[in-house]
Structures are given as C-alpha cells and as structure tokens.
Amino acid sequence: MNTKLYKITDCVSQKNEIKEIASLLKKGEAVAIPTETVYGIAADCFNESAVEKIFEAKGRPSDNPLIVHIAKTEELYSLVKEVPEKAKMLADKYWPGPLTIILPKKDSVSDKVSGGLPTVAVRMPSHPVARAIIEEAGVPLAAPSANISGFPSPTSASYVIDDMYGRLPAIVDGGDCDFGIESTVVTLATDVPVLLRPGAVTYEQLTEILGKVKIHSAVLNPLEEGVTAASPGMKYKHYSPDAKLIILNGTKEEFIEFINNNPHFADFALCFQGEENDIPLPSVTFGTENDPFSQAKRLFDAFRELDGKGAKKVLVRSPSREGVGLGVCNRLYRAAGFNFLSPKQGLVIGLTGESGSGKSKVSEMLREKGCIIIDADKIARSITEKGSPVLKKLASFFGDDIIEADGTLNRRLLASRAFKDYESKILLDSITHPEIVNICEKRANEETDKGNCVIIDAPLLFTSGLWKICHKTVKVYAPEEIRLKRILERDKITEEEILLRFSKQTEENEAAKSADIIVNNYPPYNLEEEINKII
Ligand code: TXA
Ligand code: MG
C-alpha cells in the first residue's frame, strides 16, 4: 500500500489537507493521526469495515477494545446509554485532554469497537490537528495507539512511520506528543469508579471530582493468573525493550553504591537527567527526578534508545508514584516484568553447568567468598521424603508400589516409569519442579533479606524454571573432551556411560546458552578471574 505523509503545523492555512485526510476517513480508511498523548490509528467508529482495518494494521487481538475520540461533548450522547453527572463533571474539567471515560455503550456502537464488552471508552483529545480531523470527518473516530501490537506507543511521527509505513494510506505528522504516555482510563460503569490506566490526569485529580476511586490492582502489580482483566489491554504483553530491566528502589547514592558493589550486574543504567555522569555505567536518561511529566515524555523513547545501543541488562532508577508518576511507574513496572531489587538486598545467582564442567568447584569458591549455597539437587531429594505431599502425588500417578513398605521412595522404580516416555517425564517434572522452585525461592529470600548473596547450584537451572527466581544466571563451561577426561579420572564409569549422561543434558545445555555470564573452566584459565565476573 502507498502511504501518503502529511505534515500539519497549522490547521487553518492547511485546511485543504485536513479535508483530504477527513475524506479518507469518511471513505472508510484508517489513518494515523497525532494526539497530545501518543499517536493513534483512527477510523470511523460507526463503519465496521473501517474499524477492522485498524486491527489489521496493528495486528491487534480483536477482543481488545478501542477508544472512541470525539471533538464535541454532544457526540458522547451518540455513543453511550446515559451520561451520569460524574461523567459531565469530569468532561467539563478535563476535556479536551488526556482522559478516557468508560460508560455503558449504545447498541449502535459495534462490538468490533467495544471488543464485545457492554461498555465503550471515550475521550476528547486536545491536540489541534486531532480535533480538526475529527470535526471535519463529522464522526467519532475509534483510535488505538499507532504501534504494531506489542510495540511501544509512538510519541512522534517517525516512530509511526517505522511501524505503519505501507500499512495505512496516510500518516499525519503533527509534531512530538506533549505527554508521551497514553491517556488516563477510568471506568464509571462500576459502582465505584475504577482507575484502569493511570496517565496525565492523575488519580488525585480524579478523586477530587469523583470522591472514592479504586486503583485497579493490575496498575502496579502483575495481573494475577485466572483473574479476568477489567480492561482487556491489561492481559496482553506490553511493550518492553529487548533488554531486561531491573528496577532498583533507593536513592541515587544507593544506586551508585549497588553498581560499585556489583559491577557486572548490569551493562546499562536508566537514570534521571543530570545523574548520568555520576553513575559508573553507560546511561540513558528519562526526564528529571522531580518532574514526572518529563519522565512520561521520555520513557518510551528511552526504551527505544536502550535497544538501539544494544543494552542487555539495565538497572533502572525507580521514579516516585505520586501524581503523573503513577502512570510512569505503571508503564515502567510492566516493561520490567515487575522485577525489583532493593539496594541492601543480596543477589540470587543461578549456577548451572554440564557434568564435568567444574560447577562444584566454582560453587565452592563462591562459598569461600561468603555466598550462601542452595543445592537444588538436595532439595529435589528432600521433597520426596517419607510422608511428603509430593511423594503421595507421585504415587497417585506412577503407582503406589513406588513407595516401599517403610514409606520411602523407591527411586529406581520411579525412574524406570518416569523415564519410559516423554509424557511420563513431563508429568514427573510438572509435579516436582514447581515445588523445588518454591522451596529454593523461600530459602533464597530468607538469605537475601539479611543482605546475603545466594547461589542456587542447579544442574537443571533453566529446564526446572529456577532461573526465573535469579537476578543473574551463570553457566560454567568446559569443552566436551575436557569434561570427559575429568569424569574418567574421577568416577569409576565407562566412556559410553559418560556419553549417555551427556546426551541427557542437551536440553539444559541449549537453554543455558542464554545465561548472563559464562565462566570458562578449562586451560589456559584463571578461575579466580573468571569468578570475579560473577560477584
Ligand atoms: O492516549 C490514548 O488513549 C491513545 C490515543 C491514541 O488516544 N489511545 C490508546 O488506545 O492508548 P489503546 O487502544 O492503545 O488503549 C486503550 C486501552 C486498552 O488497554 C483497552 O483494553 C482499554 O483502553 N479499553 C478500551 N475500551 C475499554 C472498555 N470498554 N472497558 C475496559 N477497557 C477498555
Ligand atoms: Mg496501545
């Protein structure tokens, strides 16, 4: 598709261009337009095939509803069943502006727009170009953010062009967005209003008008499994940079101290403007510490910048949650997968390595440096002790006779049954692994709370899921011929048996390629130096 680019700086003198854009919309096309929050892809909200074009261009799941954009308050009456007093008060005060109100919808609003919900989200943008286009089109425009689904909301026309060029007949450039994060979304379709998405109109401002307002738990926490999302957008993976983000709560001084104590923990810092020269890591900034508006404006940009610089692991200065800061935190926490660290807290480090790689030796050296070692194999054995719930569960799936007369597990018999085919092996893992992860996590938390650094020594660090509870992961590596030689010298077993053992480790070995640190444990090595890469 050919994409025409329009640059609008003055809606009056460029009236003809506004008319051209509006006529595309009236014909049922979808067009990218600027708003004061982020860019949107707009289409006539009463034309189903036009609305479908939005979902196509974005690759967006059809159950995720769109926000309808209006230019005059009267238009609200064509969309919703009733306009309650509270909605009028909010609209009077904050429209036009970065606030979206959800109300029960009229039947004339298509399920395509509402994602099948009985409600519709409406907002009146303040951006002059958006307003001129809506007015000229003469219909409310459904418009989600103008990014490909799963990418960051675009805050300038060039980002829209990156994502949407060739996918839409027109992109309208109206300059950089003032706010940089999407509008505040509040629902008035519930008994007590609920803040579903924080933005530039703050929670505090909403309560001034509405009285009690609930903040939906998914605003600052991961959406719990099995809970229906009040706003379908909550359940979809949100944009996060390729780099892993870890948020460090604490002052600038604590931030710097943490980096000095853990120089290999991260390769980049995301900090506030003015701090970058004091921080001993390459840094990208997102606004100033006391101005959440400046943070909001820069946040998505900063994510793109980090990726552009090839950052892998980024330590982030935690912003305040006050006012617009709540919106910044919402986007940041989600991008970081709710990964937090406090500066006084010790780290959890996962250690894996194939048989003969010298993992035990590395683990021992880390113990000597003061780390607490959690032996995952030992825990794996302990969970099947006499009378344990895991043992009972295993017996119910693999046969009561795997429990001996004295109540202990007959490991050999269990192994013969669990390893007979792929399904049985998966079943065994699904019973044991979550329990092992839980116990390791509990133990690790006890130690890190005391400020200790914990090593989880786990030959199946990746395949068991233990890596997920680690701040960083380490793989001890040695080439196969060296590992073979080491085991031959150490154990009384044949070469065939060793090779068979190796072949069982390929899955973990593949997964461990994504470990944060590789410790090379083969000549000509300097293991001391290699270990310094870890802590
Ligand atoms: O600032 C903004 O609001 C931008 C600009 C373009 O106006 N638009 C925007 O739209 O961010 P979108 O579609 O990317 O996000 C809309 C959010 C989604 O999370 C969606 O699930 C939620 O609002 N939403 C829409 N209608 C809803 C409804 N009826 N009930 C609950 N949540 C709704
Ligand atoms: Mg969006």
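**Figure 1. The exposed and buried sides of helix 11.** On the face of helix 11 turned away from its buried side lie the exposed residues Ser360, Lys361 and Glu368. The model shown here and in the following views is predicted. Within helix 11, which spans residues 359-368, the buried residues are Lys359, Val362, Ser363, Met365 and Leu366. These buried residues cover an arc of only 160° around the axis, and therefore they sit on the same side of helix 11. Their packing partners are strand 17 (348-353), strand 18 (372-375), strand 19 (454-457), strand 20 (472-477), strand 21 (517-520) and helix 19 (527-531). Just after helix 11, Gly370 adopts a positive phi of about 105°.

**Figure 2. The salt bridge between Asp457 and Lys359.** The closest N and O atoms of Asp457 and Lys359 are 2.4 Å apart. Asp457 belongs to strand 19 and Lys359 to helix 11, so the pair ties together parts that are 98 residues apart in sequence. Asp457 counts as buried, at 9% relative accessibility, and Lys359 also counts as buried, at 13%.

**Figure 3. The salt bridge between Arg123 and Glu36.** The side chains of these two residues meet at 2.8 Å, N to O. Arg123 is part of strand 6 (residues 119-123), while Glu36 is in the loop between strand 2 (31-33) and strand 3 (40-44), so the pair ties together parts that are 87 residues apart in sequence. Arg123 is buried, with a relative accessible area of 2%. Glu36 likewise counts as buried, at 2% relative accessibility.

**Figure 4. An open sheet of five strands with parallel pairing.** The strand order is 14-13-15-12-16. Strand 14 (283-285) and strand 16 (340-341) are the edge strands, each pairing on one side only. Strands of a sheet pair through backbone hydrogen bonds. Strand 13 (residues 268-271) and strand 15 (residues 313-317) pair in the parallel sense over three bridges. Leu270 has Val316, in strand 15, as its bridge partner.

**Figure 5. Helix 9 and helix 10 across the strands.** Helix 9 (residues 292-308) lies across strand 12 (244-248), strand 13, strand 14 and strand 15, and runs at about 155° to strand 14. Helix 10 (residues 325-335) lies across strand 12, strand 15 and strand 16, running at about 130° to strand 12.

**Figure 6. Further salt bridges of the structure.** The structure holds 29 salt bridges. A network of salt bridges links Arg298, Asp301, Glu305 and Lys309. Asp421 forms a salt bridge with Lys420, with the closest N and O atoms 3.8 Å apart. Asp421 counts as partly exposed, at 32% relative accessibility, whereas Lys420 is exposed, with a relative accessible area of 61%.

Notes. Residues numbered from 1 in each chain as written. Chains lettered and ligands numbered in written order. Predicted model: local features only at pLDDT ≥ 70, side-chain atom pairs only at ≥ 80, totals over all residues. Heavy atoms only, no water. Buried < 20%, exposed > 50% of the residue type's maximum accessible area, 1.4 Å probe, protein only. Helix = DSSP H or I, 4+ residues; strand = E, 2+ residues; numbered from the N terminus. Arc of directions from axis to C-beta. Contact = heavy atoms within 4.5 Å. Pairing = 2+ DSSP bridges. Axes fitted to C-alpha atoms, helices over the stretch in contact; angles between N-to-C directions. Salt bridge = Lys/Arg side-chain N within 4 Å of Asp/Glu carboxyl O.
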